[in-house]
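Reader: I want a close look at one part of this model. Keep it brisk. Take the cysteines one at a time, please.

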Amino acid sequence: LFQHISVCDNISNHSVAFPIVSTLNDPYILAWLCRGLAEDSMLFLVLLLGACTQPWAAFASNCTAQDQQQALVDIYNAWGGPGWRRKDNWLDTSLECEDSGTQLPAHCCWHGVLCCLSETCEIGDRPDIDRCGCEPGLAWAIELDSNNLEGNFSSMDHSIFACELFGLRLPNNKLKGPIGQDFTVYRKLGYAELQDNSLQGPLPKGLGDIFSLWLFFLARNLLEGPVPADICGENSKLFFLSLEKNRFSGGIDLAKCTQLGYFYGEGNNFSAVFTSAIPTLPTLRGVYMGQNNIRGVIPRGDFLDRLPHLEELGLFQNHLSGPLPEMTMFSMQYISFADNRFTGRIPNTWSRVARPDLRVFLQTNYLSCCGTNPLPAEELTVVADTLRIDEVYQGVDYSAPILPPFLELSDVLEPVRVFPRQSFKATGLRCPQLKLSELVDFEPIPGHPTSNLQWYLDPSYYMFEKCVCEEGLQLVNLTKPGRLPYLECQAPELVASDGSDSWEEAYPWAIVIIVVVGCFLLITMLLGLYLYKGTEVVQRLNNLKKRMHGLPTSGPFTAVVTDIQGWTALCAQFPELSWKVLSIHNSILRKARWNNFGSTHETEGDSFTMVFYDAKDAVAFCLQAQQMLGLQQWPSPKEENGDDDHSTPLTSPYAASVSELLSKKSRSNQSFSLLHPLSSSKDRMKRQSMIQEAPTPIDIRVRMGLATGFLCAGETLHGHPTIELAKEVSDAATGGQILMEDSTFDAVKDNLGELGTVDAQGMHLDRLRMRRVFYWPACFLCRLFAPAPSANSEDAVVLDMGTYTKPRPDQEQAQAQPPPRMSFAGRSPRSFLLTSRLSLVGSMHKPANPNELRLYQVLPPSHAECAKVWGSRLRLRKELSLKDPLSKGYFEAPGTLAAPLGICKSPADASLPLVTT
C-alpha cells in the first residue's frame, strides 16, 4: 500500500483528515506506525477499516461534562430560557448535585436534564431505565416537554450529546426550523419526541443510522417532502413512528423497518400506502393512513398479506375505490375504511375477522349488496360531490342476498349517524345492528355476551331493510325505475300527495311582503332597544375610566367650589357642635362626589374644591348634594347641651331651610280647612305646640359655584384660572344655591333632561329611557300633523342671573354692543334657554371677554320654587356691576315671580299669564 516513506509522512502531516489518525495526536507515533506497517500493508488495511466503520469513537472521545454544560447554557439562551415555564436550577454551575448516591456535575440537577449514574449495570438493571452502562456525569436524557421553548431547533449542538444521550423529549413547545442533518450523529438515542412544535423542511437522510432509536414522534409539525427511504437502517430497532398532521407527500418505503410496530401517518398528503412490495413485517400491529390523498384500488396481495399480525388498520377519508380488499388476518381488532369510494359487496373472507370485539367502520362509501354496473373507479375517484347511491349503480339484482352468509340483521335498532358526505339522507333514520348469523359458531367473549357486532355500515347497502323513522317522520320511497331502492325520512306535511305546487310557488309576492314587514319590525325593535339601553354600556365604561384616572392632567375639566354659609358664626356660637355638623357635611359631599365620578382637589375648613372630567357630572354632583343636604336631619343645640331654653336665636344667620321653602306654598293654601271642615283650631294649636316642643335643628345651607376650562399639558390645577373663577362664582351664591358661568352652561344645556332625573340617590337614566322609547317614534310618525314639542317639565331648571362686568382702571371701557333682543312672546316661561349647539371644546375656545361674568342658576325640577325665594339676589363683589340694562336676570322681567317653575301641578298654575319683556 505504501511504497514510499513520503506517503506516510504525508499522512502524518495531514492527520486531521483521517479518523484513525486523528485519534493519535502525536505525529512521531504516526510516522513510526506508518513505517512499521509499510511492509505489512494488509494489517494496516484491517486497522484502517475498523476505524472507519466506527466513526462514533471520535465523538465518544470528545464528550465531556464541561462541554455538555456549556451546550446546555447555549440551549437556554437560544430557546428563550427566561420565558420557560420551569427552569429550576438552570445556569447554576455551583450547585452540588447528587442522584442515587452518585456525585454528579451541577447541570445534572437542572430541570429536565438526566445524567448517567454508573458505568456498569448490576444484575437486574436495565440501561434504558436505570441509566447505567454509560459514563457518569454525561447527559442521558433531556426532557423539557410543554416548557414554552421558543427558538430554532438547529441551535442545539447534537454532537456534544451524541455519546450517551438516550432520550430527547421536547413536545408541545414552539421550536421551529429544520431538524438538520447533524441530528443523525446519535448512536444511543432510544426515543425522540418532537411532536406539537413548528418544525419545518424535509426529514434528514440517514435517520436509519440511529439503529438504537425505537420511538420517533414528529406529529403536528410543518414537515414536508417525501419520507426518506433510509428512515430505517439494516439493524433498525424503530418500533413506533408517528408522522401525522404534517405535510409529507409521496409514498412510504418500510422495507427495512422489520421491527416496526405502529405507524401513524394520517393527516398528510401521502399518495400511496407503501411505495414498493414490502417483505413480511411480522411485528407491525397498527397502520393509520387516514385523511390523506391515497387514490386508486387496493389490489389483492398488495400489503395485507405481508402483515400477518396486523391488528389496527385505518384508511378513512381517502379516495380509495373499487372493491374491498380480502381479509386473512385473524388478529384484527380495528378496521376503518370509512369515507372512501369503495363499491361492491363485502367479501366472504371477512368472516375470518367477524367477532363481537372487532370494530369495523365502512360507512360513507358506495357499497351495495345488490347494485350492478357501478361507475368506473377512476370516475368515482375524481368526483368531488357526493353521489346518491342509486346514481352510482346502473341496475339492481334483487336475487342477490342483502348480507354475506356470516351476517344478519338484528332486532336492535339504533340511530344512523349523520356525516357531511353520505350517499343517502340519514336524518331521522333508525336501522338495525348487524350480528353474526346462526351459521357461525359463536363463543361469548368477556364484555360482549351477545352476537351483535360493532360494524357500522350504510343502510343503503342492504336496501334499508327493517329501517324505521323517528317519531313524527314518515319513511318515503323515492326509488327510481330500474335503480336501487332509495328511502328517506320526511315530515308528513312535506310529503306531496297530489303533486300540487306549494304556497311559495303559488304566491311568491307573499314572501316579499313577509320579508319587508319582518325587516321593519326588526328595525323598530332594534331602535327601541337602542333608545332604551343603547348607550348604557358605553356610559358605564366611560364612568369607570373617569373614576380610575383621578385628577385630570390635561384636557377640559369642570371645577366645583362649595362653602357653608355662616360657618364662622356657627363655630363661634357652638364650637363643639360645629365639628359634628362638619363631619356630616363632608360625608354627604364625598358620597355625592363618588357617585358622580369626581375628585377632590383641595379642602380648606368647610370649603371643598372638586374637579370633574365632564361638566354634566359636576352639575349632577351639585344637584344630588343639595338634595341630600336638604333631607339631612342636622343635630340640635338642645340635644347637644341638654338645655331647653336659649335666649340667643339658633338660626339667626340662616334663612328658612329648603324643606320649609318647598312647603311654604302648601302652607299658604287654605285648602286644608276647606277639604276638612271638621278640623278645628284646637287641632291646629296642638300641632303648633308639638312643633314648638321639638328641638330646633341647625339649618345648614351650602353655596356652590361651577366653572369650566381647559388644562394644558404641563399645567397644574393649583392656582388655575378656572378654579379661581369657580371660587368667584361660589362667592356670588347664597346658601343652598348653585351658580355656574356661561362655559359650563354651554356644556350642559343639551343634557337638562338627564340632569332632571337627579335626586338624593343620584341620576336615574331609566326614567329618561322609557320616555325616549315612546317619545321619538311618536314624534317621527306625527311630525307633519302635530306642533313641535315644548320643553319638558321634568328637565332641570336653569335661570339666567345676568351678565356682570369688572371695570378696567387702565383704560376706558369700550361701549359693548347690546345682544339681540330675545322675544318671549308665545313661549313657555323657560324659553329663555339658548338653542345653539356649541360643543364643550368649542365653547371653551370661543372668544370671550375676561372682564365679563355671566351667571346661571340651576335647580332640580322639584326645587324650582326655591328660586322665587332667592330671586335676583347675588352676593357680588363691589367692583362687579351689571353690564347693561338688557343683561338683567330672569326675575327682573315682569310677572316672573307669579309664573310657575318646574312641574305644573294644577290647572290654576297653568292658567297664569306668560312672562313677557
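What is the relative accessible area of cysteine 121? Start there, then work through its partner and the neighbouring pairs.

Author: Cysteine 121 has a relative accessible area of 32%. That makes cysteine 121 partly exposed, because buried means under 20%, exposed over 50%, and partly exposed lies in between (1.4 Å probe, protein chains only). A word on the source: this is a predicted model, in which local features need pLDDT of at least 70, side-chain atom pairs count only at pLDDT 80 or more, and totals for chains, interfaces and linings use all residues. Residues are numbered from 1 along each chain as its sequence is written, and side-chain values use heavy atoms, with hydrogens and water left out.

Now the partner. Cysteine 121 is joined to cysteine 132 by a disulfide (a pair of cysteine sulfur atoms within 2.5 Å). The S to S distance of cysteine 121 and cysteine 132 is 1.9 Å. The torsion about their S-S bond is about 100°, so this disulfide is right-handed. The pair links distant parts of the chain, 11 residues apart. Cysteine 121 sits in the loop between β3 and α7. Cysteine 132 sits in the loop between α7 and β4. For these labels, helices (H or I, at least four residues) and strands (E, at least two) are DSSP runs, numbered from the N terminus. Cysteine 132 is buried, because its relative accessible area is 5%. So one end of this bond is partly exposed, and the other is buried.

Next comes the pair of cysteine 116 and cysteine 134. Their sulfur atoms lie 2.3 Å apart, and the two form a disulfide. Here the torsion about the S-S bond is about -120°, so the bond is left-handed. Cysteine 116 belongs to the loop between β3 (113-115) and α7 (127-130), and cysteine 134 to the loop between α7 and β4 (139-143). This pair, too, links distant parts of the chain, with the two positions 18 residues apart. Cysteine 116 and cysteine 134 are both buried.

Then cysteine 108 and cysteine 115. They form a disulfide with sulfur atoms 2.1 Å apart. Its S-S torsion is about -95°, so it is left-handed. Cysteine 108 has 8% relative accessibility, so it counts as buried. Cysteine 115 has a relative accessible area of 1%, so it is buried as well.

Step back to the count. The structure holds eight disulfides. The bonds described above are among them. Two further cysteines can be placed by exposure. Cysteine 571 is partly exposed, because its relative accessible area is 26%. Cysteine 866 is buried, because its value is 1%.

Cysteine 571 leads on to helix α15. This helix covers residues 575-595 and has 21 residues. Its expected span is 30 Å, because the rule is 1.5 Å times one less than its number of residues. The end C-alpha atoms are 31 Å apart, which agrees. Buried residues of α15 include Leu577, Val581, Leu582, Ile584, Ile588, Leu589 and Ala592. Ser578, His585, Asn586 and Arg593 are also among the buried residues. Just after α15, phenylalanine 597 takes a positive phi of about 65°.

Back to your starting point. Cysteine 121 is partly exposed at 32%, and its bond to cysteine 132 is right-handed.
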